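Dear colleague,

I am passing on a structure for you to look through at your own pace. Please open it first, and then read the notes underneath.

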Amino acid sequence: HRFDDYELQIQKYEEIYAFFVPAKWIVPVTFSLQFCQLTGEQLNEHLTKNPENSVDILQAKQICIEYEKKLTQDAEIVVSKPNTELTKEEIRRNIPQYDGMISLILEQHLNSYISVEGSKAKECVESAKNETFSVLSEDGSLTEMYEGGSAASSTQKHKSCE
């Protein structure tokens with residue numbers, strides 16, 4: 001899972017580098033923004049080449065929305081640490097908005113999928129408008145039904161009624 005791998009990389013950064021990299025550089029926030037940008041680009045590229053079904057896209061979108069919320073919370077914690085030496089105004093300005101950084105890419109592909117399916121449904125409706133349907137009456141005669149409910153009776157009897 002991509003998000004789990006990212007979390008491991010952040011843990012490694014914290015263990016190895018965080019003690020000597022100045023906190024005011026807010027490196028984890030920079031990493032998370034780059035991660036979201038790269039993930040969005042790669043998702044877009046993949047879905048453009050290999051369209052997925054709407055159920056998979058919806059599930060992935062929900063996972064991304066939850067992860068975007070987590071990244072926002074994590075960024076608030078990092079930026080608000082006393083050793084970042086940021087004022088309250090700087091803290092407010094430095095908390096990035098992750099909402100939609102990844103999930104909007106999925107939504108765009110979901111909208112494309114919905115448009116294609118909507119077009120297919122319209123084609124089916126249009127072709128059905130020109131069709132007639134034969135209905136078997138109780139007396140065995142066939143009635144042809146047309147668009148709008150009009151009917152044409154036939155004196156022809158169904159084989160099972162002869």
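The notes below deal with a pair of helices and then with a pocket.

This is a predicted model, in which local features need pLDDT of at least 70 and side-chain atom pairs count only at pLDDT 80 or more, while totals for chains, interfaces and linings use all residues. Residues are numbered from 1 along each chain as its sequence is written, and side-chain values use heavy atoms, with hydrogens and water left out.

Helix 1 (residues 2-16) and helix 3 (residues 54-80) have axes that come within 12 Å and cross at roughly 15 degrees. Helices here are DSSP runs of H or I with at least four residues, numbered from the N terminus, and axes are lines fitted to C-alpha atoms over the stretch in contact, with angles running from 0 to 180 degrees between N-to-C directions. Helix 1 and helix 3 are therefore roughly parallel to each other, a term for angles under 35 degrees.

Where the two helices touch (contact means heavy atoms within 4.5 Å), Phe3, Tyr6 and Glu7 in helix 1 meet Ile63, Cys64, Tyr67, Lys70, Leu71 and Asp74 in helix 3. The residues of this contact divide into 6 nonpolar, no polar and 3 charged; Ala, Val, Leu, Ile, Met, Phe, Trp, Tyr, Cys and Pro count as nonpolar, Asp, Glu, Lys and Arg as charged, and the others, Gly among them, as polar.

The largest pocket (an open set of points on a 1 Å grid over the protein atoms alone, where a 1.4 Å probe fits, with protein on both sides within 12 Å along at least five of seven lines; lining residues have an atom within 4 Å of a point) is lined by 15 residues, of which Phe3, Leu43, Ala60, Cys64 and Leu106 lie nearest its centre.

With best wishes

How values were computed:
Angles under 35 degrees count as roughly parallel, over 145 as roughly antiparallel, 65 to 115 as roughly perpendicular and the rest as oblique.
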